[in-house]
Amino acid sequence: MLIGELSRRTGASARSLRHYEAQGLLTARHGTNGYRAFDEDAVRTVGQIRALLRAGLSTEVIRRVLPCTRGGRGFDWCAELREILDGELAVMDERIEALRLSRGALAGLLGDG
C-alpha cells in the first residue's frame, strides 16, 4: 500500500510515517517511481509505534523494543526487554520526583507551600 493509504488506515500523518521510516522503525519498498510501498503488517507496526510513543518512549528505545511486540496485544518478553522498560520507568520516576521538588520550590516562592 502507498503512504497515503497507510496514513488513512492508521491516522498517522505521511510526515510521521516518513519519520518512522527514517528512524528505522518502519520499512518500505521504494519503487522505480520513488513511491514508498508498505506491506499489510505496517498497519500493526504503526499502531505499536504510536502506542509506545504515547507511553513516553523515545524512537531510539522503540527501535530496541519493537522487535518484541506481537500482534499489537503485548510483548514477547525477549532478552533485555524487561530491563529496557524497567530502566525507562526509573528515568520517568526520577523526572517526576525532580518536577515535584521544583513545583514545591515554586509554590514556596508564591507562599502556597
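## Helix α3 and its surroundings

The buried residues of α3 (buried meaning under 20% relative accessible area with a 1.4 Å probe, protein chains only) are A42, T45, V46, Q48, I49 and L52. Viewed down the axis of α3, these buried residues fall within an arc of 160°, so they line one face of the helix; the arc is that of the directions from the helix axis to the C-beta atoms. The model is predicted: local features need pLDDT of at least 70 and side-chain atom pairs count only at pLDDT 80 or more, while totals for chains, interfaces and linings use all residues. Residues are numbered from 1 along each chain as its sequence is written, and side-chain values use heavy atoms, with hydrogens and water left out.

Helix α3 has 13 residues and reaches 18 Å from its first C-alpha to its last, close to the 18 Å expected at 1.5 Å a residue. Just after α3, G56 takes a positive phi of about 90°.

The cover over the buried residues of α3 includes the following helices.

| Helix | Residues |
|---|---|
| α1 | 3-10 |
| α2 | 14-22 |
| α4 | 59-65 |

Helices α1 and α2 pack at an angle of about 105°, with their axes 9 Å apart. That makes α1 roughly perpendicular to α2, a term for angles of 65 to 115 degrees. In this packing, I3, L6 and S7 of α1 meet A14, L17 and R18 of α2 (contact meaning heavy atoms within 4.5 Å).

T59 lies in helix α4 and counts as buried at 18% relative accessibility. Beyond its neighbours within four places in sequence, T59 is in contact with H19, Q23, L25 and L53.

Note on methods
Helix = DSSP H or I, 4+ residues; strand = E, 2+ residues; numbered from the N terminus. Expected span 1.5 Å × (residues − 1). Buried < 20%, exposed > 50% of the residue type's maximum accessible area, 1.4 Å probe, protein only. Axes fitted to C-alpha atoms, helices over the stretch in contact; angles between N-to-C directions. Parallel < 35°, antiparallel > 145°, perpendicular 65-115°, else oblique.
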